[in-house]
Amino acid sequence: MHVGAWVRTVLDAVPHRVVSVEQVSLELTVGPVAHGGWCVARHEGRVVFVRHALPGERVIADVTEETTRFLRADAVEILEASPDRVVPPCPYAGPGRCGGCDWQHATQEAQRRLKAQVVAEQLHRLAGIEREVVVEEVPGAKDGLGWRTRVQFAALPTGRLGFRKHRSHDIEVVDACLIAHPEVEAVAAEEYDWPGAAGIEVIASSGGDRAVVVSPRPRRSVTVPELDAPASILLDQGKGRTVPRRGSGVLHEQVGDRVFRVAGSGFWQVHPGAAETLLDAVMAYGAPEPGEWALDLYCGVGLFAAGLAEAVGPEGAVFGLESEAAAVRDARANLRDLPQARIERGRVEEALDRFQIERADLVVVDPPRSGLGRDVVQRIASLDASRIVYVSCDPATLARDLAWLGERGYRLADLRAFDAFPMTHHVECVALLVKE
């Protein structure tokens with residue numbers, strides 16, 4: 001067991017008091033990777049979570065936070081480097097700088113290996129599952145750069161754009177983001193001031209659309225500069241609602257032969273290759289057959305529901321559930337040529353009962369980072385589906401839910417992990433569970 005990963009998960013679940021501390025530097029020998037972009041070290045018996053380090057290195061680290069239980073620190077000097085260490089390609093990466101990336105100082109192969117270790121550790125510790133994990137590369141991110149099709153910037157009071165520093169409200173002003181997709185950078189939003197804005201999101205879709213979602217400061221209007229590339233301008237009204245100010249505010253994403261509309265800043269995978277990669281994995285694991293009854297829970301704009309509906313055919317049926325009203329409207333439009341698919345709005349916690357869903361042949365779930373939770377696990381297990389396909393962006397909540405599903409008769413039959421967020425600690429997993 002990786003002790004650091006165990007300690008971090010336990011301590012994050014327990015309230016602890018932050019203690020103010022003067023700047024302290026420690027010489028540390030770095031141990032294993034922990035969930036969240038950290039590595040684990042020890043100093044005088046205390047756990048130290050270290051960023052900007054790699055396992056096996058000897059470093060000088062500045063303490064950035066002290067609690068009653070552990071320390072957090074940034075490696076500021078590398079005394080003995082790992083062979084996996086590289087010079088970060090981004091000039092804004094490093095201690096005290098932009099908090100958007102976690103692993104720019106590691107090779108791509110090492111990043112995927114570290115993520116695989118985290119997934120395997122979470123499965124072992126939280127679910128008692130021993131499994132070797134391989135994190136697969138997702139096409140469309142050469143050297144781990146130029147992949148992010150949705151980029152959120154924070155704005156200074158002057159309107160200058162940048163990114164939050166790690167665990168801070170401070171903003172690192174940037175003139176470009178290396179992990180942003182070229183079509184996002186074509187807008188050149190960072191080159192301009194955005195007076196009155198709290199932040200903006202720049203989106204570039206695979207269908208060739210661009211949009212800028214503007215979040216104003218309270219009681220302020222935003223001055224939108226003339227941009228370097230055409231883009232719709234949308235006003236963020238909070239709680240996922242946007243209003244077009246210029247252009248339609250609707251983006252189009254293409255996966256195979258099917259085009260999906262996504263309104264405003266609605267959810268879509270940010271890696272250009274992720275949607276197709278995940279759809280292929282879900283379909284391969286779920287193996288839907290003509291005439292089957294499938295559920296797509298947390299269905300978004302209908303990516304998985306479309307694939308399922310095509311596979312079960314007109315003699316089968318797909319029922320999708322989504323809590324966001326805009327996503328439900330998009331999903332219904334995206335699946336209008338598939339009458340065997342029905343999309344309804346509701347939270348899974350109550351909607352399965354409200355719509356009297358008592359059984360299913362196949363269940364696909366793609367919950368938020370917080371996972372399913374015990375009540376939803378119990379309700380899904382009651383459907384007695386022969387297989388469940390679980391798509392997850394957080395290995396800790398995935399492992400927790402797999403343990404609960406295991407208590408209700410479902411066994412992890414297979415799992416794939418994908419590097420859908422290069423340079424960061426995030427990883428996407430697809431798990432197949434079968435009824436024992």
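Q: What percentage of the 436 residues in the chain do buried residues make up?
A: This is a predicted model, in which local features need pLDDT of at least 70, side-chain atom pairs count only at pLDDT 80 or more, and totals for chains, interfaces and linings use all residues. Residues are numbered from 1 along each chain as its sequence is written, and side-chain values use heavy atoms, with hydrogens and water left out. Buried means under 20% relative accessible area, exposed over 50%, and partly exposed in between (1.4 Å probe, protein chains only). By this criterion, the buried share of the 436 residues in the chain is 55%.

Q: What radius of gyration does the chain have?
A: The radius is taken over C-alpha atoms, and the globule rule is 2.2 Å times the number of residues to the power 0.38. For 436 residues, a compact globule would have a value near 22 Å, so the chain agrees with the rule at 22 Å.

Q: How many helices and strands does the chain have?
A: Helices (H or I, at least four residues) and strands (E, at least two) are DSSP runs, numbered from the N terminus. Counted in this way, the chain has 9 helices and 24 strands.

Q: Which strands are the edge strands of the open sheet formed by 7 strands?
A: Two strands pair if DSSP finds at least two bridges between them. The sheet has mixed pairing and the order β11-β10-β9-β12-β13-β14-β15. Pairing on one side only marks the edge strands, β11 (171-173) and β15 (241-246).

Q: Which residue in β12 stands opposite Arg150?
A: Strands β9 (residues 150-155) and β12 (residues 197-204) run antiparallel and are joined by 5 bridges. Opposite Arg150, in β12, stands Ile203.

Q: Why is one side of β8 and of β20 left without a neighbour in the sheet?
A: The open sheet concerned has 8 strands in the order β8-β23-β24-β22-β21-β18-β19-β20, with mixed pairing. One side of β8 (135-137) and of β20 (341-345) has no neighbour because each stands at an edge, with a single partner strand.

Q: Which residue in β19 is the bridge partner of Leu297?
A: Strands of a sheet pair through backbone hydrogen bonds, either parallel or antiparallel. Here β18 (residues 293-297) and β19 (residues 317-322) run parallel, joined by 5 bridges. The partner of Leu297 in β19 is Leu321.

Q: How far apart do the C-alpha centres of domain 1 and domain 3 lie?
A: Domain bounds come from an automatic or database domain assignment. This assignment gives domain 1 (25-85), domain 2 (148-252) and domain 3 (269-435). Between domain 1 and domain 3, the C-alpha centres are separated by 37 Å.

Q: Is Ala61 buried or exposed?
A: Ala61 lies in strand β6 (residues 58-67). Contact means heavy atoms within 4.5 Å, and, not counting residues up to four places away in sequence, Ala61 touches nine residues' worth of surroundings including Val24, Ser25, Leu26 and Val76. Its relative accessibility is 0%, so Ala61 counts as buried.Q: Where does UniProt place the feature "active site"?
A: UniProt positions are given in the numbering used here, feature names are shortened, and annotations may be inferred rather than shown by experiment. The residue concerned is in the loop between β22 (387-392) and α9 (395-407), and is buried, with a relative accessible area of 16%. Not counting residues up to four places away in sequence, Cys393 touches Arg369, Val427 and Glu428. In the unreviewed UniProt entry, the feature is placed at Cys393.
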